[in-house]
Amino acid sequence: MQLILLGPPGSGKGTLAEDIASLYGIPHISTGAIFRASVADDTPLGRAAEPYLVKGALVPDDLTNAMIKDRLSQPDCREGFLLDGFPRTMPQAEKLGRLLGRLGRPLTAVLNIVVSDETILQRLAGRRHCVSCGRSYNVVFMPPRLPGICDDCQGRLVQRADDKEEIIRQRLVTYKQQTEPLIAYYKAQGLLINADNEGSIEDCRQQVRSKLAAAVSSGGV
Ligand code: AMP
């Protein structure tokens, strides 16, 4: 099962991706998480990607494509994978199509999470992460028991550098310019499944689960 998850930053993709990946027993591959880990580990990839991440701009396609090609060749991808945050540009989508064609592993479906800009700004500005275990919170919608402290491990909660309002606005502009065209591209291929996440994440999770199950059992979208 080869899946792509599309949706603007802050649409809830990360949470939904974890759910789908564990439901189908496939790895959740988040290019953003791989880039952030590479920056934290100060690897050559991290040093090349960091200037783009801090501005909310996209890392160049050649770096991103090489990274994903390597990741998809890992043994845990044999039964499938869920891509979160990739592809994000038309050249990336075309490159992925050629790669999967060579591997004989066509896409099963492309999930598109739909949320308005206002909701995203509200959600992302309140988002916090534990520096120790990575658990996410939201100061408005899902606060920790004690302000600034992780419920699970008592780690310190911090805001991601690119979750500041002006950077979020830039990430939304980047998404509209570079990534939104992929929605029509995958719709034309008959692969698109839309799910609305304007309400609760639980409601969206149920939509995604049932629409995906229907697509898988009918052999396509
Ligand atoms: P995300 O966690 O998916 O919002 O990604 C965080 C940041 O990582 C983005 O703002 C980009 O700088 C970079 N990034 C993630 N995925 C890609 C991609 N497919 N192409 C280029 N840059 C990416």
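Which side chain meets that of Asp163 in a salt bridge? Select Asp163 and Arg171: their side chains form the bridge, at 3.1 Å from N to O. A salt bridge here is a side-chain nitrogen of Lys or Arg within 4 Å of a carboxyl oxygen of Asp or Glu.

Before moving on, some housekeeping. You're looking at a predicted model, where local features need pLDDT of at least 70, side-chain atom pairs count only at pLDDT 80 or more, and totals for chains, interfaces and linings use all residues. Residues are numbered from 1 along each chain as its sequence is written, and side-chain values use heavy atoms, with hydrogens and water left out.

**Stop 1: the salt bridges**

Stay on that pair for a moment. Asp163 is buried at 0% relative accessible area, and Arg171 is buried too, at 10% (buried is under 20% relative accessible area, exposed over 50%, partly exposed in between, with a 1.4 Å probe and protein chains only). Now add Arg127, Arg160 and Asp162 to the selection: salt bridges that share partners join these three with Asp163 and Arg171 in one network.

The count of salt bridges by this rule is 13. For another one, pick Asp19 and Arg209, whose side chains meet at 2.8 Å, N to O. This pair ties together distant parts of the chain, 190 residues apart: Asp19 sits in helix H1 (residues 13–24) and Arg209 in helix H9 (residues 201–217). Helices are DSSP runs of H or I with at least four residues, numbered from the N terminus. Asp19 counts as buried at 11% relative accessibility, while Arg209 is partly exposed at 31%.

Then jump to Asp76 and Arg71, which pair up at 2.7 Å, N to O. Asp76 is partly exposed, at 40% relative accessibility.

**Stop 2: the cysteines**

Show the cysteine sulfurs next. How many disulfides does the structure hold? Zero, with a disulfide taken as a pair of cysteine sulfur atoms within 2.5 Å. Zoom in on Cys130: the nearest cysteine sulfur belongs to Cys153 and is 3.5 Å away. Cys130 is buried, at 4% relative accessibility. Over at Cys150, the closest cysteine sulfur is that of Cys133, 3.8 Å off and too far for a bond. Cys150 is buried as well, at 1%.

**Stop 3: helix H3**

Select residues 44–55, which make up helix H3. Its buried residues are Gly46, Ala49 and Leu53. They lie on the same side of H3 because they cover an arc of only 80° around the axis, where the arc is that of the directions from the helix axis to the C-beta atoms. Turn to the other side and you'll find Pro44 and Lys55 exposed.

What covers the buried residues includes helix H2 (31–40), going by contacts, meaning heavy atoms within 4.5 Å. Just after H3 comes Gly56, with a positive phi near 75°.

**Stop 4: the second largest pocket**

Keep H2 and H3 on screen: these are the elements that give two or more residues to the lining of the second largest pocket. H2 provides the largest share, five residues. To see the lining, select Ala33, Arg36, Ala37, Val39, Ala40, Glu50, Leu53, Val54, Arg160, Ala161 and Asp162. The space inside is about 270 Å³.

Methods:
On a 1 Å grid over the protein atoms alone, a cavity is a set of points where a 1.4 Å probe fits but cannot get out, and a pocket is an open set with protein on both sides within 12 Å along at least five of seven lines; lining residues have an atom within 4 Å of a point. Grid points are joined across faces, edges and corners, and a volume is the space filled by probe spheres set on the points.
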